[in-house]
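Got your viewer open? Here is a short tour, one selection at a time.

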Amino acid sequence: MRSSSGTSRTTRAGTPIVPHKAARALVITGPYRFTRNPIYLGFTAIYFGLALVFNQAWPVVMLPLVLAVLSLAVINREERHLHLSFGDAYEGPPGCLHGGF
(Lines give C-alpha, C1' and ligand atoms only; values in the text may rest on other atoms or scores of the structure.)
Protein backbone atom coordinates (compact mmCIF):
# COMPACT_ATOMS: atom_id res chain seq x y z
CA MET A 1 0.00 0.00 0.00
CA ARG A 2 1.47 3.38 -0.99
CA SER A 3 0.45 5.37 2.07
CA SER A 4 2.11 2.87 4.37
CA SER A 5 5.26 3.09 2.24
CA GLY A 6 5.74 6.75 3.15
CA THR A 7 4.77 6.13 6.76
CA SER A 8 7.22 3.26 7.21
CA ARG A 9 10.02 5.26 5.60
CA THR A 10 9.56 8.17 7.99
CA THR A 11 9.33 5.99 11.08
CA ARG A 12 12.40 3.96 10.04
CA ALA A 13 14.30 7.24 9.66
CA GLY A 14 13.43 8.08 13.27
CA THR A 15 11.21 11.04 12.50
CA PRO A 16 7.62 11.34 13.74
CA ILE A 17 4.66 11.17 11.39
CA VAL A 18 2.58 13.34 13.72
CA PRO A 19 2.34 16.76 12.03
CA HIS A 20 2.81 18.89 15.15
CA LYS A 21 6.14 17.25 16.07
CA ALA A 22 9.42 18.44 14.55
CA ALA A 23 11.08 16.32 11.88
CA ARG A 24 14.33 14.74 13.07
CA ALA A 25 15.45 13.27 9.77
CA LEU A 26 15.04 14.11 6.11
CA VAL A 27 13.51 11.27 4.11
CA ILE A 28 14.35 11.37 0.39
CA THR A 29 13.34 7.88 -0.76
CA GLY A 30 10.02 6.36 -1.79
CA PRO A 31 7.32 8.93 -2.56
CA TYR A 32 9.54 11.64 -1.07
CA ARG A 33 11.79 11.40 -4.16
CA PHE A 34 9.07 13.18 -6.12
CA THR A 35 7.44 15.52 -3.62
CA ARG A 36 8.23 16.73 -0.13
CA ASN A 37 4.61 16.40 0.96
CA PRO A 38 2.99 13.35 -0.68
CA ILE A 39 0.12 13.46 1.79
CA TYR A 40 -1.15 16.71 0.28
CA LEU A 41 -1.21 15.12 -3.18
CA GLY A 42 -3.19 12.25 -1.66
CA PHE A 43 -5.61 14.59 0.09
CA THR A 44 -6.12 16.50 -3.16
CA ALA A 45 -6.81 13.29 -5.09
CA ILE A 46 -9.32 12.13 -2.45
CA TYR A 47 -11.03 15.54 -2.41
CA PHE A 48 -11.29 15.58 -6.20
CA GLY A 49 -12.39 11.93 -6.31
CA LEU A 50 -15.16 12.50 -3.77
CA ALA A 51 -16.41 15.46 -5.81
CA LEU A 52 -16.62 13.16 -8.84
CA VAL A 53 -18.26 10.30 -6.91
CA PHE A 54 -20.95 12.60 -5.54
CA ASN A 55 -21.28 14.37 -8.90
CA GLN A 56 -20.73 17.80 -7.37
CA ALA A 57 -19.08 20.66 -9.26
CA TRP A 58 -18.73 23.17 -6.42
CA PRO A 59 -15.90 21.29 -4.65
CA VAL A 60 -13.93 21.24 -7.92
CA VAL A 61 -14.54 24.96 -8.39
CA MET A 62 -13.40 25.58 -4.79
CA LEU A 63 -10.31 23.36 -5.09
CA PRO A 64 -7.92 26.19 -6.10
CA LEU A 65 -9.01 28.18 -3.04
CA VAL A 66 -8.61 25.15 -0.77
CA LEU A 67 -5.11 24.53 -2.18
CA ALA A 68 -4.15 28.20 -1.80
CA VAL A 69 -5.23 28.25 1.85
CA LEU A 70 -3.43 24.96 2.51
CA SER A 71 -0.29 26.28 0.87
CA LEU A 72 -0.32 29.60 2.73
CA ALA A 73 -1.42 28.32 6.12
CA VAL A 74 0.44 25.00 6.33
CA ILE A 75 2.85 24.09 3.57
CA ASN A 76 4.84 27.35 3.47
CA ARG A 77 5.45 27.13 7.22
CA GLU A 78 6.56 23.49 6.92
CA GLU A 79 8.87 24.36 4.03
CA ARG A 80 10.56 27.14 6.04
CA HIS A 81 11.02 24.87 9.05
CA LEU A 82 12.50 22.05 6.98
CA HIS A 83 14.84 24.36 5.08
CA LEU A 84 16.08 25.86 8.37
CA SER A 85 16.47 22.40 9.90
CA PHE A 86 18.17 20.63 7.00
CA GLY A 87 19.69 23.43 4.89
CA ASP A 88 20.79 22.60 1.36
CA ALA A 89 19.98 18.90 1.83
CA TYR A 90 16.32 19.90 1.88
CA GLU A 91 16.51 21.15 -1.71
CA GLY A 92 16.42 17.51 -2.77
CA PRO A 93 17.10 15.88 -6.10
CA PRO A 94 16.25 17.60 -9.40
CA GLY A 95 12.56 17.29 -10.16
CA CYS A 96 11.45 17.03 -6.54
CA LEU A 97 8.37 19.18 -6.00
CA HIS A 98 8.32 21.41 -2.98
CA GLY A 99 4.98 22.38 -1.54
CA GLY A 100 3.36 19.10 -2.44
CA PHE A 101 1.78 20.11 -5.73
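One term before we start: a residue counts as exposed when its relative accessible area is over 50%, as buried when it is under 20%, and as partly exposed in between. Keep in mind that you are looking at a predicted model.

**Stop 1: asparagine 55.** Select asparagine 55, in the loop between H2 and helix H3 (58-86). Is asparagine 55 buried or exposed? Its relative accessibility is 69%, so it counts as exposed, the cut-off being over 50%. Look at the backbone here too: phi of asparagine 55 is near 55°, a positive value in a residue other than glycine.

**Stop 2: the whole chain.** Now zoom out and show the chain as a cartoon. You should find 3 helices and 0 strands, so from the N terminus the elements read α-α-α. Switch to a surface view: about 6,900 Å² of the chain is accessible, and 68% of that belongs to carbon and sulfur atoms. As for the inside, 21% of the 101 residues count as buried. Contacts tell you something about the fold as well: among those with a separation of 6 or more, 52% are between residues 24 or more positions apart.

**Stop 3: proline 38.** Select proline 38, which is found in helix H2. With 21% relative accessibility, proline 38 is partly exposed, because buried would need a value under 20%. Which residues does proline 38 touch, leaving aside its neighbours within four places in sequence? Show Pro31 and Tyr32: those are its contacts.

**Stop 4: an aromatic pair.** Stay in helix H2 (residues 38-53) and select tyrosine 40 and phenylalanine 43, which sit 3 residues apart, about one turn of the helix. A search of the whole structure turns up 1 aromatic pair, and here it is: the ring centres of tyrosine 40 and phenylalanine 43 are 6.4 Å apart, with 65° between the planes. That makes the pair edge-to-face, because the angle is over 60 degrees. Now colour the two by accessibility. Tyrosine 40 is buried, at 8%, whereas phenylalanine 43 is partly exposed, at 48%.

**Stop 5: a nonpolar patch.** Keep phenylalanine 43 selected and add Ile39, Ile46, Leu50, Val53 and Phe54. Together with Phe43, these residues form a nonpolar patch on the surface, with about 650 Å² of accessible area. Isoleucine 39, one of the patch members, has its place in helix H2.

How values were computed:
Residues numbered from 1 in each chain as written. Predicted model: local features only at pLDDT ≥ 70, side-chain atom pairs only at ≥ 80, totals over all residues. Heavy atoms only, no water. Phe/Tyr/Trp six-rings, centres within 6.5 Å; stacked < 30°, edge-to-face > 60°. Helix = DSSP H or I, 4+ residues; strand = E, 2+ residues; numbered from the N terminus. Buried < 20%, exposed > 50% of the residue type's maximum accessible area, 1.4 Å probe, protein only. Patch = residues over 30% accessible without salt bridge, like charges linked within 9 Å, V, L, I, M, F, W, Y side chains within 5 Å. Areas by Shrake-Rupley, 256 points an atom, 1.4 Å probe, with all protein chains shown as cover. Salt bridge = Lys/Arg side-chain N within 4 Å of Asp/Glu carboxyl O. Contact = heavy atoms within 4.5 Å.
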